[in-house]
Amino acid sequence: MSTDAVGRAYPRLEGREKVTGTARYAVEYPVDGVTYGWAVPSAVVRGRITRVDTTRALASPGVLAVLHHGNAPRIAPSQQTELWLLQEPAVHYRGQYVAVVVATSLEAAREGARLVRIDYDTGPHSTVLTDDHPGLYKPDHVNPSYPTDTAEGDFDAGYAAAPVRVDATYRTPAYHNNPMEPHATTAQWRDGRLLVHDSNQGASSVRATLAELFELPPESVRVVAQHVGGGFGSKGYAKAAVVLAALAARHVDRPVRLALTRQQLFGPVGYRTPTIQRVRLAADTDGRLTAICHDAISQTSTIHEFAEQTAVYTRSMYAAPHRRTTHRLVRLDVPTPFWMRAPGECPGAYALESAMDELAVAVGIDPVELRIRNDTDVDPDQGRPFTSRNLVACLREGAQRFGWTGRDPSPRSRRDGRWLIGTGVAGSSYPARARPSSATATARPDGSFLVRVNATDIGTGARTAIWQVAADALGVPPERVEIRIGDSALPTAPVAGGSMGTSSWSWAVIRAAQALREKLRDGVPPTGEVTAEADTTEEVGSQPALPRYAYGAQFVEVRVDADTGEVRLNRMLGVFAAGRVVNPTTARSQLIGGMTMGLSMALHEEGLLDERYGDWVNHDLATYHITGCADVESIEAYWLDERDDELNPAAVKGIGEIGIVGAAAAVANAVHHATGVRIRELPIRLDKLI
Ligand code: MOS
């Protein structure tokens, strides 16, 4: 494969359409006779609907229908229990969608929703995660299929015998996925077939779920997701909006557009579970780890089990002879938590990389050096060598670029007027995986090529990256290649998630391109097209199970107002080792986006739940704070030129999530260095510092 296009900084193919507003999102397609849906959330936490009074709503101008459990079309029960909407009077969490109003305009639908009256019988509820909750249990496995607990050596004995020990408990709150575009769908039924334009991270997967729910053959469902305004994991599977829109469109026998409001995103579409994490580290006096234990507690709902793999990061990051990790879960009367950028690794790394900083202080060793001393070529979890592990190289290059050398480790040692200055570091890692995909490549008589794969570009630049890979695989300039993604009518492909979009889709694209070149040995017939297809199911499935990870090192400088405790960020700098980087422009954007989101987690974001209401009280962007551009004065991302031949044909490791991993710990560690105060409960608000 030539490398002319891969590695070059092409602007996004759809960039012009996006900035000029001509790129169409799910509810922007012109559709004849379209109507508007408005979701009605439950006002109670747990209970039963006893009566739905639609009289006033139906009398309101423009309102066509009110769907609820008493009249909505039936859908099949599915494993996705939270999608079994409008089927039963039971309410499992506050905010569960219990009705949909359909009207001829958005305003009429909204007004109709206000006029629907629902009575409930309610019962007691439990919505707050605690480490002594009587409902704590051990799930069978954690997301997606990791063992729940691991143990090697004898942690208790190793820990007790060590000269240096850290025992710290870290808490993270609920974090809410807030893509710019909400979950939104335009649904149309034609002759028993369902067409949806939907905002999601994987149209093939949404099609499969809709086919199951509506008991249709998959070929009777088409899901189009041309442009998607973000997801951060919350659109990784079909969610409520697409189901409600499809139900409503069937009920009124007209196309229905339904977009959730910003407030309606806080909970029912998934969120990052709160965690309570106890980390115990033991080391010898040289800082070599002898025992590591990470016990993680998180929550799920009463209707579906999502067990976040919070402690999995700790299984492979640093070596020690005695190691243990555990996960415990509580079923609460809450919406089901779900993926949010690096689910598991992100909160887990916050705890472990904070504890490593505490260990560095306890043993009196520089935190960069401490991590270098505990590096390992062999995955402590699998017992096999990593295909490549460049954590140390990231730490060294980061330290050099950041100007780490000569740092005075004592807290409160730097001051600039009223500002206390501190620096912090954290390691970062994220698995490099791939899933089976299919794709086709077509040669056209005019010398151009068409590549088709149902990938999804959720704003990452994925479309452009696969186009670059395709051009090199076809051995032609990218200008001659047309790429089609974002439609379930295209060859089936996995979701944009787990940082494995590009690795998975490009694998199939490269194989299709190779097959096409094989077919074209004798040239393109002047009369027509030649198409080759590829399906990587077998090849991906037979890949040896080696430990494959991307790595990073995150460096942060903060300043903290000595009187008010206000934390500001001077600098954030990350160095990553993520295999081959396909497009420096979009890669940088992914990495600094992840780092910014980690900063947001450290300082700003916090879902505040009020047990009396059983819901988050700050459910909008005025009260749920998210880091903005002005909060990051300087942010830099670099990467190593890493070659790893044991990954996938494009040699990529994935970059969507690694940027967030460790970032919050680096901020917290810098705050400790600045102030001497160790905050173990995010976010780091000023009231916790003074
Ligand atoms: Mo990402 S949270 O794996 O969609």
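Two strands are taken as paired if DSSP finds at least two bridges between them. The legends below describe close-up views of a predicted model.

**Figure 1. The hairpin of β24 and β25 and the parallel neighbour β28.** Strand β24 (residues 549–561) runs antiparallel to β25, and 10 bridges join the two. One bridge pair in this ladder is Glu557 with Arg571 of β25. The two strands form a hairpin with five residues between them. Within the turn, Gly565 has a positive phi of about 80°. Strand β25 (residues 567–577) also pairs in the parallel sense with strand β28 (residues 635–639), over five bridges. In that pairing, Met572 stands opposite Ile635 of β28. Strand β25 is mostly covered, as eight of its 11 residues are buried.

**Figure 2. The mixed sheet β22-β21-β20-β23.** Four strands make up this open sheet, in the order β22-β21-β20-β23 and with mixed pairing. The edges are occupied by β22 (481–484) and β23 (530–535). Each of these edge strands has a single partner, so one side of each is left without a neighbour in the sheet. On average, and with direction ignored, neighbouring strands of the sheet are turned by 15° against each other. Strands β21 and β22 pair in the parallel sense over four bridges. Phe449 has Val481 in β22 as its bridge partner.

**Figure 3. Helices α11 and α12 across the mixed sheet.** Helix α11 (residues 462–474) lies across β20, β21 and β22, and runs at about 135° to β22. Helix α12 (residues 501–519) lies across β20, β21 and β23, and its angle to β23 is about 140°.

**Figure 4. Gly447 in the loop between β20 and β21.** Gly447 is found in the loop that links β20 (438–443) and β21 (449–452). A residue counts as exposed if 12 or fewer other C-beta atoms lie within 10 Å of its own. Gly447 is classed as exposed because it has 9 C-beta neighbours inside 10 Å. Gly447 and Val19 are 428 residues apart in sequence, and their C-alpha atoms are 30 Å apart in space.

**Figure 5. The antiparallel sheet β4-β2-β6.** This open sheet has three strands in the order β4-β2-β6, with antiparallel pairing. Strands β4 (90–91) and β6 (117–122) are the edge strands, each pairing on one side only. Strand β2 (residues 47–53) is joined to β4 by two bridges, and the two run antiparallel. Arg48 stands opposite Ala90 in β4.

**Figure 6. Packing of helix α8 against helix α15.** Helix α8 (residues 345–363) and helix α15 (residues 663–675) pack at an angle of about 35°, and their axes are 8 Å apart. The crossing is right-handed. Helix α8 contributes Ala349, Tyr350, Glu353, Ser354 and Asp357 to the contact, while α15 contributes Ala664, Ala665, Ala668, Asn669 and His672. By class, the residues of this contact divide into five nonpolar, three polar and two charged.

**Figure 7. The contact between domain 2 and domain 3.** The domain assignment gives domain 2 as 35–124 + 180–230 + 235–265 and domain 3 as 141–175 + 271–432 + 546–689. The assignment also includes domain 1, with bounds 15–23 + 435–541. Taken over C-alpha atoms, the centres of domain 2 and domain 3 are separated by 37 Å. In the contact, 11 residues of domain 2 meet 15 residues of domain 3. The side of domain 2 that touches domain 3 has two nonpolar, five polar and four charged residues.

Notes: Residues are numbered from 1 along each chain as its sequence is written. This is a predicted model: local features need pLDDT of at least 70, side-chain atom pairs count only at pLDDT 80 or more; totals for chains, interfaces and linings use all residues. A residue is buried if 20 or more other C-beta atoms lie within 10 Å of its own, exposed if 12 or fewer, and partly exposed in between; C-beta atoms are placed from the backbone. Axes are lines fitted to C-alpha atoms, for helices over the stretch in contact, and angles run from 0 to 180 degrees between N-to-C directions. A crossing is left-handed if the near helix is turned anticlockwise from the far one by less than a right angle, and right-handed if clockwise. Two residues are in contact if their C-beta atoms, placed from the backbone, lie within 7 Å. Ala, Val, Leu, Ile, Met, Phe, Trp, Tyr, Cys and Pro count as nonpolar, Asp, Glu, Lys and Arg as charged, and the others, Gly among them, as polar. Domain bounds come from an automatic or database domain assignment.
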